[in-house]
Amino acid sequence: MVIAGVASVFLGKVTAGIVRRYFSGSAKVYKLPSNWGSKKARERLKALKAKRGNDISWDIIMSGSGDSIANLEEILAPLRLAVKEQGDLVRKLKQESAAENDIKKAVVELKARRKALEDKELAIHGQEDKFDRSKMEDLLKRRFFYDNSFAIYGGVTGLFDFGPMGCAMKTNMLNLWRKHFIIEEGMLEVECSMLTPEPVLKASGHVERFADLMVKDLKTGECFRADHLLEAHLEKLLKDKKAPVTPEKREEYEQVMREVDNFDKETLDQKLKLYDVKSPITGNALSEPIEFNLMFSTSIGPTGQIPGFLRPETAQGIFVNFKRLLEFNQGKLPFAAAQIGNSFRNEISPRSGLLRVREFCMAEIEHFVDPSDKNQPKFSQVADTVVTLYSAENQLSGKASVQMSLGEAVSKGIIANNVLGYFMARIYLYCMKIGVKHEKFRFRQHLDNEMAHYACDCWDAETKTSYGWVECVGCADRSCYDLKQHTKATKVAMVAEKKLPEPKIIEVIEAQPQKGTVGKAFKKDAKSVMEFLSNFNECDVEELESALKSKGEMTYKIDGKSFCITSDMVSVKRYEKKVHVEEITPSVIEPSFGVGRLMYSVLEHNYAVREGDDQRGYFTLPPLISPLKCSVLPLSNNEQFKPLVQKLASELSKAGVSHRVDDSSGSIGRRYARTDEIAIPFGVTIDFDSLKEPHTATLRERDSMEQIRAPLNDLPGVLHDLSTDVTTWKQVAEKYPKFVGQEAAPK
């Protein structure tokens, strides 16, 4: 028995005939009887109906193959075909060098179809995931993992404070990141200023391009992110039971919602007017969409004459220090620099908790490598690592993501080079260590139109959450764009020297300022102009030479002043030179981690409830990142327990095992539940048997709730090994006797 109603839910307006086309054998449509299928299947269908409304035709197709939900790939086949057709069109337009606008429109449609396919996949799998986000968020807030900043003042959206448990968990994640990347890979760690002068971010392109579209309430001036507002307005129309939409309108609205992320300013303005979108707070009219730069601007110093920004990423601090880092590394390539720190983006409409915020922690790596030798000797160590890859080719063809070893992906050219492949493996291994679930993790390759023009290849490590697939880590081959941009802006050569196997003759072009003429023209500013012209690279000299030949002059801005350089002030000299070393601008492989997004994903992937008790939620975080490693629980307030508790707590501190003593009132079961809520993986209970010589105690494991009994003196070492992944609970349980009960309290 195959559910056609389910197919119609996931395929929108696909008719029963189209649904039949993707099933083998003859099919006959029947009305759904009240006692069809299993109880579980009926409950799932009921949930779908409640979610999508009563306008769904609950028919079934009798295929004669027994009771089963239609094969996922059969249900998704029409959507995959639609994506493939559009992908083929995009390829054809590019091959024919079609007009840019035509290609752009085709790509927008491709993205919309791809999103429709992904939404249906998530909807189908979502029925299998029993997850209550509201309960998890209530637990996180109640136990103060994190909460909105300045809550007693009403809070500020997009800003969060981490409490004791959230802070400890984040610290453990970052400590593990340092060990996994900086220590094991021999990286150079830096800590750069968060305040960034404007010229730095002009050179990087952030001042010009780092913007979103927003609209303003024409009366109150309140701002909203335009695409989010349009999406929310259409969602409200779809859910309005008082004025239900027709099937045609539903399809139209859903199509717009799929495409909204790709709308330009003009299209977004048209849609806002078409659907009469007003301010959701006041109902007032809205302005046309305007660009809003997402960086927090400020001024540096009391005069306000040095404009600056709070950094939108940590990477630029590494790039501007490249020469010093190269010198520290004795001039050798390749090498990697890393930085952990906060970045800032003035989001117009922050939402989705930690996933879209205004202040966030990043952990970024810049791996500098010879562009002609992108080879990682250690790649063979990780080549057999199997990951889920969602390649650009599969996205264009409407195919599903595939499981593949990174070695195979590099050899087939799916991943551009083995340096990029090596870092993807390291990213995957780190994410598995901190508790991301393998089946909810994938690498998605950027399509050509998504990548910056200078990038060679780019993959996002994405996690599947209740919000959909979320980008948590970007891993890009950025070529040598950033270093060249800073070289161009500062005239400081961001290059490394590469020893040649044998000398070669090169042609040199230099700008030679005429000191007398420059001095006479610019007087006290002559020194600055001379230094500026002397630092020109080959491209700058050629640009100057061309301007002097065509116009006889070239104007430059130096230290905020404009200077007109004429042909009598500078001469261009060309000559040949024998060199033994070659100057190269390194390429950069950049893994960039959004720590908050990873943290949320780990929490969601590890939220669980005890069987038979939906109210007893807890987190199954790996011991490596658990906020506290152990709880110490005296069975009661008996005074005889205190010396043993104090001694154990002291020894745990010496062993570096973070712990919490809970000697509050309440049953031991209730106290176990409290420690489970904050993800403490192990619990030591001091009971009446502990008072006997030799002193022993029980050790409980959070996820299985199994307990063993071990000598008190052994526990600090055992817990240290368990919390640092030196040993496993299985090994400990095999070594010590299982706990089965204890003697009653002495009378």
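Here are some worked exercises on a predicted model of a single chain.

**Exercise 1. Get your bearings: how many helices and strands does the chain have, and what share of its residues counts as buried?**

Start with the elements: there are 26 helices and 31 strands. Next, burial: 49% of the 747 residues count as buried. Finish with the contacts that have a sequence separation of 6 or more: 70% of these join residues 24 or more positions apart.

**Exercise 2. Work out the strand order of the open five-stranded sheet, and find which helix lies across β30.**

Step one is the order, which reads β28-β27-β29-β30-β31, with mixed pairing. Step two is the edges: β28 (659–661) and β31 (707–711) each pair on one side only. From one strand to the next, the twist averages 25°.

Step three zooms in on one pair. Strand β30 (residues 696–701) runs antiparallel to β31, and five bridges join them. Look for Arg 700 there, standing opposite Gln 707 in β31.

Step four brings in the helix. That's α25 (residues 715–723), and besides β30 it lies across β27 (630–634), β29 (682–686) and β31. Its direction is at about 15° to β30.

**Exercise 3. Take the open sheet of three strands: which strands stand at its edges, and why is one side of each left without a neighbour?**

First, lay out the order: β7-β12-β11, with antiparallel pairing. The edge positions go to β7 (195–197) and β11 (297–300); each has a single partner strand, so one side of each has no neighbour in the sheet. The twist here averages 45° from one strand to the next.

Now check the β7 pairing. Three bridges join β7 to strand β12 (residues 306–310), and Pro 197 sits opposite Gly 308 in β12.

**Exercise 4. Follow β14 to its partners: how many bridges join it to β13, and how many to β24?**

Begin with β13 (335–344) and β14 (359–369). They run antiparallel and are joined by ten bridges. Within that ladder, Ile 340 has Ala 363 in β14 as its bridge partner.

Then turn to strand β24 (residues 587–594), which is also antiparallel to β14 and is joined to it by six bridges. Here Phe 368 has Val 588 in β24 as its bridge partner. As for cover, ten of the eleven residues in β14 are buried.

**Exercise 5. Compare Arg 345 with His 180: which is buried and which is partly exposed?**

Place Arg 345 first: it's in the loop between β13 and β14. Its relative accessibility is 24%, and because buried means under 20% and exposed means over 50%, Arg 345 counts as partly exposed. Beyond four places in sequence, Arg 345 touches Phe 210, Leu 294, Phe 296, Pro 312, Glu 313, Val 357, Arg 358 and Phe 360. Phe 210 is 135 residues away in sequence, yet the C-alpha to C-alpha distance to Arg 345 is 9.5 Å.

Now for His 180, which is in helix α7 (residues 164–183). With a relative accessible area of 2%, His 180 is buried. Its contacts beyond four places in sequence are Glu 185, Arg 426, Leu 429, Tyr 430 and Lys 433.

**Exercise 6. Find the residues that touch the most other members of the largest nonpolar core, then trace the contacts of Phe 619.**

The core has 69 residues, and the ones to pick out are Trp 177, Phe 443, Leu 598 and Phe 619. Helix α17 (residues 418–434) gives the most to this core, with eleven residues. Apart from this core lies another, of 24 residues, including Leu 644 and Tyr 736.

Next, trace Phe 619. Setting aside neighbours within four places in sequence, its contacts include Met 136, Leu 139, Phe 145, Tyr 607, Asp 676, Glu 677 and Ala 679. Asp 676 and Glu 677 are among the buried residues of helix α24 (residues 668–677). Ala 679 follows α24 and has a positive phi, near 70°.

**Exercise 7. Describe the second largest pocket: what is its volume, and which lining residues are the closest to its centre?**

The volume comes to about 1300 Å³. Of the 35 lining residues, Ala 493, Val 495, Asn 537, Glu 538 and Glu 583 are the closest to the centre. Then list the elements that give two or more residues to the lining: α18 (481–490), β20 (496–513), α20 (526–534), α21 (538–550) and β23 (570–584).

Definitions and conventions: Residues are numbered from 1 along each chain as its sequence is written. This is a predicted model: local features need pLDDT of at least 70, side-chain atom pairs count only at pLDDT 80 or more; totals for chains, interfaces and linings use all residues. Side-chain values use heavy atoms; hydrogens and water are left out. Two strands pair if DSSP finds at least two bridges between them. Helices (H or I, at least four residues) and strands (E, at least two) are DSSP runs, numbered from the N terminus. Axes are lines fitted to C-alpha atoms, for helices over the stretch in contact, and angles run from 0 to 180 degrees between N-to-C directions. Contact means heavy atoms within 4.5 Å. A nonpolar core is a set of buried Ala, Val, Leu, Ile, Met, Phe, Trp, Tyr and Cys residues joined through side-chain atoms within 4.5 Å. Buried means under 20% relative accessible area, exposed over 50%, partly exposed in between (1.4 Å probe, protein chains only). On a 1 Å grid over the protein atoms alone, a cavity is a set of points where a 1.4 Å probe fits but cannot get out, and a pocket is an open set with protein on both sides within 12 Å along at least five of seven lines; lining residues have an atom within 4 Å of a point. Grid points are joined across faces, edges and corners, and a volume is the space filled by probe spheres set on the points.
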